[in-house]
Amino acid sequence: MKFESSPLSKTYDFHKVEKPFGNFYFCEKFIVAELNAGVHFNWSKIESILFEISNFYTEGISLGYITNRINSYSIDPHDWAKVESRMRGFGNMLGSAIVYYNKMMFMNASLEQRFSKAVKIYPTQSLEEAIEWVLSLEKDK
């Protein structure tokens, strides 16, 4: 289910960032990403989102990142290390949840989990559970 059409979008204030490759919802403590089908989420696309994040949030903020995989897309798992490094310079990435909707998406999430060194990655089948998990990381901090 898309974030914007879920009841969760009524619960959290958000700023929507629309890109040609997907939509991003900037909430107070987390970001929800929904990439378009067939996209290869490469480093130049990631950098454009990191730029938007740095312009929207104050420096030093702790954020969770949620990938709501409503569509199938690809990402180079090695780019996770770059994202983690870049976020350290800006703020604190608490963790990332990946919402998957089928077995193939679960396998991709498991692969990405192995490549992440500094950030916890939590695969789940529920957007609500993903948000709850990310918000619990803030409390544990």
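**Exercise A**

Work out from its relative accessibility whether Val-39 is buried or exposed, then find where it sits and what it touches.

Start with the accessibility: Val-39 comes out at 12%, so it counts as buried (buried is under 20% relative accessible area, exposed is over 50% and partly exposed is in between, with a 1.4 Å probe and protein chains only). A word on the input: this is a predicted model, where local features need pLDDT of at least 70 and side-chain atom pairs need 80 or more, while totals for chains, interfaces and linings use all residues. Residues are numbered from 1 along each chain as its sequence is written, and side-chain values use heavy atoms, leaving out hydrogens and water.

Next, the location: Val-39 belongs to the loop between S3 and S4 (helices are DSSP runs of H or I with at least four residues, strands are runs of E with at least two, and both are numbered from the N terminus). Now look across the chain. The C-alpha atoms of Val-39 and Tyr-73 are 5.0 Å apart, although 34 residues separate the two along the chain. Finally, skip the neighbours within four places in sequence, and the contacts of Val-39 are Phe-21, Lys-45, Ser-72, Tyr-73 and Ser-74 (contact means heavy atoms within 4.5 Å).

**Exercise B**

Lay out the fold along the sequence and say what share of the residues is buried.

Count the elements: the protein chain has five helices and eight strands. Put them in order and you get α-β-β-β-β-α-β-β-α-β-α-β-α. For burial, 49% of the 141 residues qualify. As for contact range, take the contacts between residues at least 6 apart in sequence: 72% of them join residues at least 24 apart.

Then pair up some strands (DSSP must find at least two bridges between them). S5 and S7 run parallel and are joined by seven bridges; in S7, Ile-98 is the bridge partner of Thr-67. S7 is also parallel to strand S8 (residues 120–124), with five bridges between them, and Ser-96 stands opposite Ile-121 in S8. Strand S7 (residues 92–99) has seven of its eight residues buried, so the rest of the structure largely encloses it.

**Exercise C**

Find the largest nonpolar core and say which elements feed it.

Collect the residues: the largest core has 23 of them, and Phe-24, Phe-41 and Ile-53 have the most contacts inside it (a core is a set of buried Ala, Val, Leu, Ile, Met, Phe, Trp, Tyr and Cys residues joined through side-chain atoms within 4.5 Å). Sort by element: S2, strand S3 (30–35), helix H2 (43–56) and strand S5 (62–68) each give two or more residues to this core. H2 gives the most, with five residues. Zoom in on Phe-24: beyond its neighbours within four places in sequence, its contacts include Val-17, Val-32, Phe-41, Ile-49 and Tyr-65. Then there's a second, separate core of 16 residues, with Phe-30, Val-32, Trp-133 and Val-134 among them.

**Exercise D**

Describe the aromatic pairs formed by Phe-3 and Tyr-25 and by Phe-21 and Phe-41.

The whole structure holds eleven aromatic pairs (ring centres of Phe, Tyr and Trp, using its six-membered ring, lie within 6.5 Å; planes under 30 degrees apart are stacked, over 60 edge-to-face and the rest tilted). Phe-3 and Tyr-25 make a tilted pair, 5.1 Å centre to centre with 50° between the planes. Phe-3 lies in the segment before helix H1 (8–11) and Tyr-25 in strand S2 (residues 22–26), so the pair ties together parts 22 residues apart in sequence. Phe-3 is buried at 0%, and Tyr-25 is buried at 1%. Now the other pair: Phe-21 and Phe-41 are tilted too, at 5.9 Å and 45°. Both of these residues, Phe-21 and Phe-41, are buried. To finish, Phe-3, Phe-14 and Tyr-25 form one aromatic cluster.

**Exercise E**

How many salt bridges does a search of the whole structure find, and what do they connect?

The search finds two (a side-chain nitrogen of Lys or Arg within 4 Å of a carboxyl oxygen of Asp or Glu). Take Glu-4 and Lys-16, which meet at 2.8 Å, N to O. Glu-4 is in the segment before H1 and Lys-16 in strand S1, so parts twelve residues apart in sequence get tied together. Glu-4 is partly exposed at 34%, and Lys-16 is partly exposed at 28%. Then take Lys-19 and Glu-52, at 3.4 Å, N to O. Lys-19 is in strand S1 and Glu-52 in helix H2, so this pair ties together parts 33 residues apart in sequence. Glu-52 is partly exposed, at 25%.
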